[in-house]
Amino acid sequence: MEEPRIGVYVCWCGTNISKTVDVEQVTAAVSKLPHVIIARNYKYMCSDPGQDLILKDIREHQLNRVVVSACSPRIHELTFRKVLVNAGLNPYLFEMANIREQVSWVHDDRDIATGKATSLVKAAIQRVAHHEPLEKRRVDIHPATLIIGGGITGLTAAMEIADSGNQVHLIEKSGRLGGMVSLLHQTHPHLTAGNELIQPLIDKAQPHPKVRVWLNSQIEEVTGYVGNFRARIRSGEEVEELDCGNIIVATGTKPFDPSQIPEYGYGMLPGVITSLEFEEMLRKGKIVTKDGESPCDIAIIHCVGSRNMEYHPYCSRVCCTTALKFANQIRAALPDAGIYQLYADMRSFGKGCEEFYMRTSRRGVIFMMFDQKGKLPVVKPNNTGGRGRLLISTRELLSGEEIEIPADLVILMVASEAREDARETAHLTGISLCGNQFFIEKHPKLDPVATTTDGVFIAGSCQGPKDIADSVSQARAAAARVLASILCGSVEVEVTTAVVNDKVCCGCQTCISVCPYHAIHFDEEKRVSEVNEILCKGCGTCGSACPTGAIHARHFTDDQILSQIEGLLSPITLKAMEMAMED
Amino acid sequence: MEPNTKNHKPKLKLAVYWAAACGGCCVSVLDVHEKLYQVTELADLVFWPIALDIKYKDVEALPHGFIDVTLFNGAIRNSENQYMAMLLREKSKIMVAYGSCAHLGGIPGLANFSNREAIFDRVYHTSESTVNSTGTIPLPNVEVPEGTLHIPVFFDEVKPLDKVVCVDYYLPGCPPQTERLLEVFTAIATGAELPSKKSVIGAWDKTQCDECERKKSDKKTIKRFFRPFEVEDDGETCFLEQGILCMGPATRGGCGYRCIKGNAPCRGCYGPPPDVHDPGAKMMSAIGTMIDSNAPEEISEIVDQIADPAGTFYRFSLPASIIRRRIS
C-alpha cells in the first residue's frame, strides 16, 4: 500500500461546534500525527469554499486520504466523498469524525469537549490510513414498482409511474382505495371536498392497464435488493409472488384514541366525539347530538394526544387548520351556534392558512388558550340545569381566569399517530423507525423520500404527520426517484459488502445461518462459503461470526476498526476521560 | 581434484532452548527418533540444555550470529527467560519461536489472568499443600553470611517471545508436530527458499475444519453446551453441532487434526489463522452467533454452561491477544 498522506479538516459549523470545541487546539493536536500532511480548520467545511479547500490541498499536497471532522456522516459523508472523486481520489479513502452531534451538542465543558473531539479525530486518522479504494458496481432495475398503501399518496405515486408506461402493483390492506382523504368532508383551507380530490384518482387507477390494484392484500415477505425485489403478497387465502425494482411505502397514519386521556371523557360522555367522527357527521350532512338534536354550543379541543409528553411529543400538523375548517363548516350550518376553540398554540402555517385563520376568527368563533403543559381542560356532564349538556372547565391562559364553557358537542382534534403495523412494515421493507414509530428518511433535508435501504422509498404521513399537499408532493417526489432509476436502467449498489477469502475459509459454515439477507451460500465443490455481493448489505454480522478471519466486511475490516479504537484510546482520550470522571 | 562443494558445505549450527515451558517442546525435538542422525548429519547442536551440558557462559562466549538457527520454546516468565532470549537472539541468525508458549504465551500465559502478587500469595501462602510458617517468599536478591544470593526476577506478566526480541519465524503447536519440524529444518538446512520473515511456518492458512472429516452443516445452533465427558460423541458430527466446544474453526491446521481424529475437540494450540488478531475473541464471537435463543435470560443460562470460558477460548493465546493480561 502507498504511504498514507492524510489531510485533516476540522469544521466550526459556524458556532455549532466552535462554541464548545476549541477547533484550533484540535487542529494543532492532530497536525503532528504520523502521515498527517496538512491539518486545517474552517468555518463551514460543507460550503463551496470549504470543499474547494480540500480539493486544492489534495492536488497541491498529493493527499491520498482525507478526514473531515464535522457533523454526522449521515448528513455530509456523501458531500465530501464527492470532493474526493472530483479530485481524482477513490471516495472511500475518506473518513468523517462527528464532533457536532457526538461532541459539541452534548457537552458543555469546553476542555472535555475539546479532548473528546481530538480523540475522535485521531481515531478517524488512524482508521483512514487503513482505508482501501472500493469500486462501485451496478445492477439492472426491474421496471415494475410496488406501492404499499392505496391512499392519496399511494394513488398519486401510482398514477405518476403508470402514466409513464411502467407497471405498478398497488397493495391496499383494506377493501377500498382512498385512505384517509375519502373520510374527509372538506379539506382546508379551500374547502374542497375530500371526495373531489380522491375519487378521480381512484376512477383513473382502477381500470388503468399499467396498474394492478390489490385490495384486502398484505405483504408477507420482501426479498432481494434494489432493482430486483421479490414480494410475496397474500390476498385472503391466495398467495402470489411478484418482482419489482422499487418499492414505495405510503401506509399513512391512524388517529389517536382519545379514551386514553381521562379529562376528556371520550367513550363515557355521549357528546364527546373525535375529529374523524365529526367528518363523518359532516359527510352525512347533519350536525347533531347523540339524541338527534341540533347543538347550541360546540367546543373544539386542540392537541388531543399531540404536543403532550404523556402521549405524543410532536405536533400533528393538520389539526389546527382542520379545527378552523370545522368552525367554518359549523358556522355555515348553524348560524347561531356558539363555537369555542380551545387551543394550546394556533399553528396555521402553510400557504393560505394564516389568512384562513384570520377569516375564521371574524365569524364569531371564540378562541381560548389552555396550558398544554399544565392542567388539561376537563369535560364533565352539566348537572346545573343551565346552558349546555356538558361543561368544560379550564384556566384560560391569556386572561388567567378559571372558566366554564357550556357545550352540547365536544370535538377532540385527535393526533395523527403511526399505524400499529408500522414496525412490521418497516421490518419487511428494511426501513428504520424513529422514536415515534414513524419511518425514517435517508436525509431529513436532502433526501426526504429515500430510506437507508436502496430502492425503498417512503412518502406521505407514514414518515410523520402531513397534510394532503405535502403528501402529494412526496408521492410525486418518490415517483420521480423511481422513474429516474427505471430510466437509468441500472443502479449503483453499495460496495461496502462482505467478501470471503477462499484461501482462508475452512468451510465451517458458521456464517450462513447468521446472514439476515440470505446472501451467503456454501459452495460444495470448493468447500468454502460465498457471498452474493448484491444481496449483501454489508451489515458485518458474518464477519464477526467468522472464526477464521476469512470474511472481511469491506470498509469495516478488523485492521480499520482496531486502529480506530487505538486512536480513540490513545493518551489524549484517557486524559479527557479522567477529567470527565473527576467532575 | 575439484573439491566437492556439496560435501564441504559447513554444517548448520543449531540451538534449542527451553524458557517458561513444560519441556514438551524439547521432547518433541527428540521425537524425531532415529531421524536425529539425519539432523546431526546436517547440523551441529551447539546448545541444548536438556541434552547437552553447555553452560550459559559458553553461549555468552560465542561470536555474534554464530548460531544459524535457534529453536526457542517457552514463554517469557522471568528475567532469566528474557536474558536468554536476548542472548540467543544476538548469537543467532534465525530465531524461531518454537511451540505455543514462545508463539503466543501458551499455557503459562494463562497466569496473566492473575499477577505476581496473587500468584505468590497462592503458591507460598494459601495453597492447601503449603507449609510456610515463616511466610517466606522468593526474593531476587537475598543477603546471607556468604554474600548475596540471586535468583531470576519473577515478572508480573507472561510474554510471548516476540514481545522481547525480534522473531524470524513461528512454528506453532503444543508441541509442534515432529513432521512439521523436520520439513522446516530440512528446508533451512538444504537452503530451500524460505517464506517471508515473521511468518508462521509448519502450519496451514486454513483452519482445522478444512481437514476435519466430521460432518458439518450450516445448522450450528447450540441450546446447551456439553463438556466432552457429559455427552456421547457420535464420532461423526462436528463437535460444535453436538454442543461441545471445539476451537477448530479458529485454529490453524498443520497438526493433522490429531486431537479431533482422536475424538477430542481441538484446544487451539496451533493458534489463529492469518488476519485474526485475537483468536479467543473471534471464537467467542462465533459461538455467540450459534446460541439458539433470543431471550436474554436463557442466553446467559446457556453461556453459563461453558466451563472456564477464559481458559477455554484463550488457552494458548492470552499474552498475544488484545486483552493480553489482567490490568489490576
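The following dialogue explains how to read the sheet of chain B and its contact with chain A.

Student: What should be known about the model and its labels?

Tutor: This is a predicted model, in which local features need pLDDT of at least 70 and side-chain atom pairs count only at pLDDT 80 or more, while totals for chains, interfaces and linings use all residues. Residues are numbered from 1 along each chain as its sequence is written, and chains are lettered from A and ligands numbered from 1 in the order in which they are written.

Student: In which order do the strands of the open sheet in chain B stand?

Tutor: Strands of a sheet pair through backbone hydrogen bonds, either parallel or antiparallel. Strands (E, at least two residues) and helices (H or I, at least four) are DSSP runs, numbered from the N terminus; two strands pair if DSSP finds at least two bridges between them. In chain B, six strands form an open sheet, β2-β1-β3-β5-β9-β10, with parallel pairing. Strands β2 (43–47) and β10 (199–200) of chain B are at the edges, each with a single partner strand, so one side of each lacks a neighbour in the sheet.

Student: How many bridges join β5 and β9 of chain B?

Tutor: Three bridges join β5 (residues 92–98) and β9 (residues 169–171) of chain B in the parallel sense. Among the residues involved, Y98(B) has L171(B) as its bridge partner.

Student: How many residues does each chain give to the contact?

Tutor: Two residues are in contact if their C-beta atoms, placed from the backbone, lie within 7 Å. Chain B gives 23 residues and chain A gives 19 residues. On the side of chain B that touches chain A, the largest share, six residues, comes from α11(B).
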